[in-house]
Amino acid sequence: MSLLREPINNLFFELANNSKTEIKLCAPFVKQGIIQNLYVVKKPSVAVECISNFNLPNFYKKSSDIEAFETLMQNNGKIFNCQMLHAKLYIFD
């Protein structure tokens, strides 16, 4: 486990690329660019699960992209809704 205090894009995608079985995302806001890049770098056999906060104001304010959840669903990703979610947690394998 690591606690990171700076931008994690490079590390995030490196860990996604090295994952062998599953990636679990927990974040109140999910953007399409991140999800698209995730599917580019991860191995096809790696499952993706996402816990997020589906909230109309989040989509209206562009904090989250509905297209990100569509991409997850189109790629057999599992999606869970938690209205009170504020945590950010990423688990690779």
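A disulfide is a pair of cysteine sulfur atoms within 2.5 Å. The exercises below use this predicted model.

**Exercise 1. Cysteines**

Determine how many disulfides the model holds, and examine Cys26 and Cys82.

Solution.
Step 1. Start from Cys82: the closest cysteine sulfur is that of Cys26, at 7.4 Å.
Step 2. Compare with the cut-off of 2.5 Å. The distance from Cys82 is too far for a bond.
Step 3. Repeat from the other side. For Cys26 the closest cysteine sulfur lies in Cys82, again at 7.4 Å, so no bond is assigned.
Step 4. The count of disulfides is therefore zero.
Step 5. Add the accessibility. Cys26 has a relative accessibility of 12% and counts as buried, while Cys82, at 32%, counts as partly exposed.

**Exercise 2. Surroundings of Ile51**

Place Ile51 in its element and list its contacts beyond the sequence neighbours.

Solution.
Step 1. Ile51 belongs to strand E2, which spans residues 47-52.
Step 2. With neighbours within four places in sequence set aside, Ile51 touches Leu25, Cys26, Ala27, Phe80, Cys82 and Leu85. Both cysteines of Exercise 1 are in this list.
Step 3. The relative accessible area of Ile51 is 34%, hence the class partly exposed.
Step 4. For a distance along the chain, take Asp93: it is 42 residues from Ile51, and the C-alpha atoms are separated by 16 Å.

**Exercise 3. Packing of H2 and H4**

Classify the arrangement of helices H2 and H4 and describe their contact.

Solution.
Step 1. Two packed helices are described by the angle and the distance between their axes.
Step 2. For H2 (residues 32-41) and H4 (residues 66-74), the axes come within 8 Å and cross at roughly 25°.
Step 3. Angles under 35 degrees count as roughly parallel, so H2 is roughly parallel to H4.
Step 4. H2 contributes Gln32, Ile35 and Tyr39 to the contact, and H4 contributes Glu67, Ala68, Thr71 and Leu72.
Step 5. Sorted by class, the residues of the H2 and H4 contact are four nonpolar, two polar and one charged.

**Exercise 4. Aromatic pairs**

Count the aromatic pairs in the structure and work out the geometry of Phe12 with Phe92 and of Phe59 with Phe69.

Solution.
Step 1. The search of the whole structure gives five aromatic pairs.
Step 2. The ring centres of Phe12 and Phe92 are 5.4 Å apart, with 80° between the planes, and the pair is edge-to-face.
Step 3. Phe12 is in helix H1 (residues 9-18) and Phe92 in strand E4, so this pair ties together parts 80 residues apart in sequence.
Step 4. Phe12 and Phe92 are both buried.
Step 5. For Phe59 and Phe69 the centres are 6.0 Å apart and the planes stand at 85°, so this pair is edge-to-face.
Step 6. Phe59 lies in helix H3 and Phe69 in helix H4, 10 residues apart. Phe69 is buried, at 5% relative accessibility.
Step 7. One aromatic cluster is formed by Phe12, Phe13, Tyr90 and Phe92.

**Exercise 5. Positive phi**

Locate Lys62 and Asp93, which have positive phi without being glycines, and state their exposure.

Solution.
Step 1. The phi of Lys62 is about 65°, and that of Asp93 is about 55°.
Step 2. Lys62 sits in the loop between helix H3 (56-60) and H4, whereas Asp93 lies in the segment after strand E4 (89-92).
Step 3. Lys62, with a relative accessible area of 61%, is exposed. Asp93, with 45%, is partly exposed.

Terms used
Residues are numbered from 1 along each chain as its sequence is written. This is a predicted model: local features need pLDDT of at least 70, side-chain atom pairs count only at pLDDT 80 or more; totals for chains, interfaces and linings use all residues. Side-chain values use heavy atoms; hydrogens and water are left out. Axes are lines fitted to C-alpha atoms, for helices over the stretch in contact, and angles run from 0 to 180 degrees between N-to-C directions. Helices (H or I, at least four residues) and strands (E, at least two) are DSSP runs, numbered from the N terminus. Angles under 35 degrees count as roughly parallel, over 145 as roughly antiparallel, 65 to 115 as roughly perpendicular and the rest as oblique. Contact means heavy atoms within 4.5 Å. Ala, Val, Leu, Ile, Met, Phe, Trp, Tyr, Cys and Pro count as nonpolar, Asp, Glu, Lys and Arg as charged, and the others, Gly among them, as polar. Buried means under 20% relative accessible area, exposed over 50%, partly exposed in between (1.4 Å probe, protein chains only). Rings of Phe, Tyr and Trp (its six-membered ring) pair if their centres lie within 6.5 Å; planes under 30 degrees apart count as stacked, over 60 as edge-to-face and the rest as tilted.
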